[in-house]
Amino acid sequence: MISRLAIFLAAICAATAVQADSLPKPGDFYLISRDQAGKFLGSHKLFKHASADMKHVTYCGNEYFVRDSSVAWTELQAEFGHVVHVEFNFGKGWRPICANPEREVTLADIGISLDAREVLAGASTEPSTAKRLATIGAMFRTSVFEESNSGLGM
């Protein structure tokens with residue numbers, strides 16, 4: 001039987017792995033927003049492999065997997081007048097490889113009828129890190145309860 005400590009440590013490691021995986025590395029693709037002068041404003045990672053809660057999209061003929069919130073974010077960045085590109089990290093900087101991704105993929109294209117602001121406010125079904133950790137915590141509490149009451153006929 002798995003101990004409570006092992007479950008707790010596994011949850012901490014999973015949360016840390018999510019944070020470490022979010023750091024840009026050579027070979028990564030990102031949606032990047034810049035102001036009119038080219039100054040970096042923000043980014044969202046694009047993925048080359050499917051994962052839970054991601055949609056398959058195509059930007060300028062290249063296939064990626066993306067979160068709902070990333071598509072919503074590109075729509076708002078463009079609305080604010082920022083320049084958005086798909087950019088590639090080649091290890092010595094960033095190279096734009098696709099202009100205007102907000103025109104290539106919209107929320108409607110991925111089956112979402114909500115406004116971009118609603119999606120970013122959390123109306124989407126996409127689980128946040130906090131929700132994932134709460135779910136892990138709930139599983140931990142359930143396991144502890146079942147272990148402590150297993151001999152009581154419950």
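Helices and strands here are DSSP runs, helices (H or I) of at least four residues and strands (E) of at least two, numbered from the N terminus.

**Figure 1. The whole predicted model, read from end to end.** This is a predicted model, so please keep that in mind throughout the views below. Its secondary structure amounts to five helices and six strands. If you walk along the sequence, the pattern you meet is α-β-β-β-β-α-β-β-α-α-α. The protein has 154 residues, and 31% of them count as buried. Its exposed area is about 9500 Å², with carbon and sulfur atoms supplying 59% of that area. Among contacts between residues at least 6 apart in sequence, 56% join residues at least 24 apart.

**Figure 2. The hairpin of strand 3 and strand 4.** Here you can follow strand 3 (residues 54-59) alongside strand 4 (residues 62-67), which pair in the antiparallel sense over six bridges. The two strands form a hairpin with two residues between them. Look for Tyr59, which stands opposite Asn62 in strand 4. In the loop between strand 3 and strand 4 you will find Cys60. Cys60 is not a glycine, yet its phi is positive, at about 50°. With a relative accessible area of 36%, Cys60 is partly exposed, because the partly exposed class runs between 20% and 50%.

**Figure 3. Arg67 in strand 4.** This view centres on Arg67, a residue of strand 4. Is Arg67 buried, exposed or partly exposed? Its relative accessibility is 31%, so Arg67 counts as partly exposed. To place Arg67 against another part of the chain, find Phe47: the two residues are 20 apart along the chain, and their C-alpha atoms are separated by 9.2 Å.

**Figure 4. Helix 2 and its surroundings.** Helix 2 covers residues 68-79 and has twelve residues. At 1.5 Å a residue, the helix should span 16 Å, and its end C-alpha atoms lie 17 Å apart, which agrees. How many of the twelve residues of helix 2 are buried? Nine are, so the helix is largely enclosed by the rest of the structure. The buried residues of helix 2 are Asp68, Ser69, Ser70, Val71, Ala72, Trp73, Thr74, Leu76 and Gln77. After helix 2 comes Gly81, with a positive phi near 90°.

**Figure 5. The ring pair of Phe29 and Phe88.** There are four aromatic pairs in the structure. In the one shown here, the ring centres of Phe29 and Phe88 are 5.0 Å apart and the planes meet at 45°, so the pair is tilted. Phe29 belongs to strand 1 (residues 29-34) and Phe88 to strand 5 (residues 83-89), so the pair ties together parts that are 59 residues apart in sequence. Phe29 counts as buried because its relative accessibility is 15%, whereas Phe88, at 25%, counts as partly exposed. If you widen the view, Phe29, Tyr59, Tyr64 and Phe88 form one aromatic cluster.

**Figure 6. The ring pair of Tyr30 and Trp94.** The next pair shows another ring arrangement. The centres of the Tyr30 and Trp94 rings are 5.4 Å apart and their planes are at 90°, so this pair is edge-to-face. Tyr30 lies in strand 1 and Trp94 in strand 6 (residues 94-99), so the pair ties together parts that are 64 residues apart in sequence. Tyr30 counts as buried, at 4% relative accessibility, while Trp94 counts as partly exposed, at 30%.

**Figure 7. Charged side chains over aromatic rings.** Which ring does the charged end of Lys48 sit over? The ring is that of Tyr64, and the charged end is 4.5 Å from its centre. This is the Tyr64 of the aromatic cluster with Phe29, Tyr59 and Phe88. Elsewhere in the view, Arg95 lies over the face of Phe90, at 4.3 Å from the ring centre.

**Figure 8. Asn100, between strand 6 and helix 3.** The last close-up turns to the loop between strand 6 and helix 3 (101-104), where Asn100 is placed. Asn100 has a positive phi of about 55° although it is not a glycine. Its relative accessibility is 29%, so Asn100 counts as partly exposed.

Definitions and conventions:
Residues numbered from 1 in each chain as written. Predicted model: local features only at pLDDT ≥ 70, side-chain atom pairs only at ≥ 80, totals over all residues. Heavy atoms only, no water. Pairing = 2+ DSSP bridges. Buried < 20%, exposed > 50% of the residue type's maximum accessible area, 1.4 Å probe, protein only. Contact = heavy atoms within 4.5 Å. Areas by Shrake-Rupley, 256 points an atom, 1.4 Å probe, with all protein chains shown as cover. Expected span 1.5 Å × (residues − 1). Phe/Tyr/Trp six-rings, centres within 6.5 Å; stacked < 30°, edge-to-face > 60°. Lys NZ or Arg CZ within 6 Å of the ring centre and 35° of its normal.
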